[in-house]
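Trainee: Could you take me through one part of this model closely, starting with a pair of packed helices and then what lies around them? I'd like to follow it on the screen as you go.

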Amino acid sequence: MVKRLIYADNAATTGISDEVLKEMLPYFQDNFANASTAYEIGQQAKAAIERARNKVAASIKSKPEEIFFTSGGSEADNWAIRGVAEKLLPQGKKHIVTSVFEHHAVLHTCEALEKRGYEATYLPVDSKGFVNPEDVRKAIRDDTALVSIMYANNEIGTIQPIEQIAAICHAKGVLFHTDAVQAVGNVNIDVRKQEIDLLSISGHKIHAQKGIGVLYVKKGLVLSNLLYGGGQERGKRPGTENVPAIAGLGRAMELAVSNLENKINEVTEKRNRILDGILAIPGTRLNGDREKRLPGNSNISIEGIEGESLLLLLDQVGICASSGSACTSGSLEPSHVLLAIGLKPELAHGSIRLSISQETTDEEITYILDNLREIIHKLRTMSPLWEETDE
């Protein structure tokens, strides 16, 4: 008997869609040429890259020349932070402002820069996971080079007040970067209107290939290189271009923003059904804000259970979920995001993230909720911790 599979971990990664794969296929075999070559098929590959660049730019309301292809969101985050920090160091700018619950691609980059003599301020978040824009204002100093605040959190889905933060940064003459890996395809992004200077994107979160991403860099900004080698990406990001992945990302971005409002409404309605179903169980709490959160994100802490056991039992019935960021799933430490919003370690360990998409059906949601109730009850009957809570 074939095991049923219900995928509810889209925040970790997504499968390549049929339309994206169709866009990619010609550049694997029919036109495998190096885009830097002068002959016809090489120029055709180069044209595919530029078409994708235009599609990405249109999706976030930027200019094509502001789009640089990378290996993913982590590289884009690294490049944005290190590129600005190193470029502005001769001007005495050695300070970075970020938050305590950023993705580790941001946190670890800031920590690495601190070892080189830079300084970083890690802003707190409130109990729902929001950065206070006034905290950003107070943290900016004369030597601040960059503020980096993620658009939407990858674990609890909280959407930050990006426009307010960006306006504060520009009033202070400071550049603003946002990790929008989770936000793309889930919220309306307009880098001009929102005054975003640098923005990171990852393809595998929006049904494109793993290993492809984008760094948007506002025209006029010059970053130091993260890598050195050839002249690709206008000399700023060397390496033979991954033409199939780039072509696929361009199509994925087009699809991600198509009929976006309808998608947001549809997925939000499904997510709310999940939230209501789980929160009806005693001893559960929502992590993050109910309204200002990503459409498909449900992150709930469940008293009296251990998250890894819950995930294993869900997997046995064919449900793929997560207890936090996929990048730290091998760690036994509680989520730094959940600790940042004030959860105790034992409650953070008992948390589950379900991230759904438009493809998630009502029947699948029923299946998820029915099995969750049963598994939670089963785990609690074996848990001394729950017996203590239940007394």
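Mentor: Happy to. Helix 2 passes helix 7 in a left-handed crossing, and please keep in mind that this is a predicted model. Helix 2 covers residues 40-60 and helix 7 covers residues 243-257; their axes come within 8 Å and cross at roughly 25°. With that angle, helix 2 is roughly parallel to helix 7, because an angle under 35 degrees counts as roughly parallel.

Now bring up the side chains. From helix 2, the contact is made by Ala 45, Ala 48, Ile 49, Ala 52, Lys 55, Val 56, Ser 59 and Ile 60. Helix 7 answers with Val 243, Ile 246, Ala 247, Leu 249, Gly 250, Arg 251, Met 253, Glu 254 and Val 257. Sorted by class, the residues of this contact are 12 nonpolar, 2 polar and 3 charged.

Next, turn to the sheet that helix 2 also touches. It is an open sheet of 7 strands with mixed pairing, and the order across it is 2-8-7-6-5-3-4. Strand 2 (67-70) and strand 4 (119-123) stand at the edges; each has a single partner strand, so one side of each has no neighbour in the sheet. From one strand to the next, the twist averages 20°. Helix 2 packs on this sheet by touching strand 2, strand 7 (198-202) and strand 8 (213-217), and its direction makes about 115° with that of strand 2.

Of the strands that helix 2 touches, strand 7 rewards a closer look. Its 5 residues are 5 of 5 buried, so strand 7 is largely enclosed by the rest of the structure. Leu 198, Ser 200 and Ser 202 point one way from the strand, while Leu 199 and Ile 201 point the other way. Strand 7 and strand 8 run antiparallel and are joined by 5 bridges; one to look for pairs Ile 201 with Val 214 in strand 8.

On its other side, strand 7 pairs with strand 6 in the parallel sense over 3 bridges. There you will find Asp 179 standing opposite Ser 200 of strand 7. Strand 6 (residues 175-179) is mostly covered, with 4 of its 5 residues buried. Strand 6 also pairs with strand 5 (residues 144-148), again in the parallel sense and over 3 bridges. To trace that pairing, find Leu 146, whose bridge partner in strand 6 is Leu 175, and then Ser 148, whose partner is His 177.

Before you close the session, set a second helix pair beside the one we began with. Helix 3 (residues 73-88) and helix 4 (residues 104-114) pack at an angle of about 35°, with their axes 9 Å apart. Here the crossing is right-handed. The residues of helix 3 that make the contact are Ser 74, Asp 77, Asn 78, Ile 81, Arg 82 and Ala 85, and those of helix 4 are Ala 105, Val 106, Thr 109, Cys 110 and Leu 113. By class, that contact has 6 nonpolar, 3 polar and 2 charged residues. So you can go back and forth between a left-handed crossing of helix 2 over helix 7 and a right-handed one of helix 3 over helix 4.

Definitions and conventions:
Residues numbered from 1 in each chain as written. Predicted model: local features only at pLDDT ≥ 70, side-chain atom pairs only at ≥ 80, totals over all residues. Heavy atoms only, no water. Axes fitted to C-alpha atoms, helices over the stretch in contact; angles between N-to-C directions. Helix = DSSP H or I, 4+ residues; strand = E, 2+ residues; numbered from the N terminus. Parallel < 35°, antiparallel > 145°, perpendicular 65-115°, else oblique. Left-handed = near helix turned anticlockwise from the far one by under 90°. Contact = heavy atoms within 4.5 Å. Nonpolar A, V, L, I, M, F, W, Y, C, P; charged D, E, K, R; others polar. Buried < 20%, exposed > 50% of the residue type's maximum accessible area, 1.4 Å probe, protein only. Pairing = 2+ DSSP bridges.
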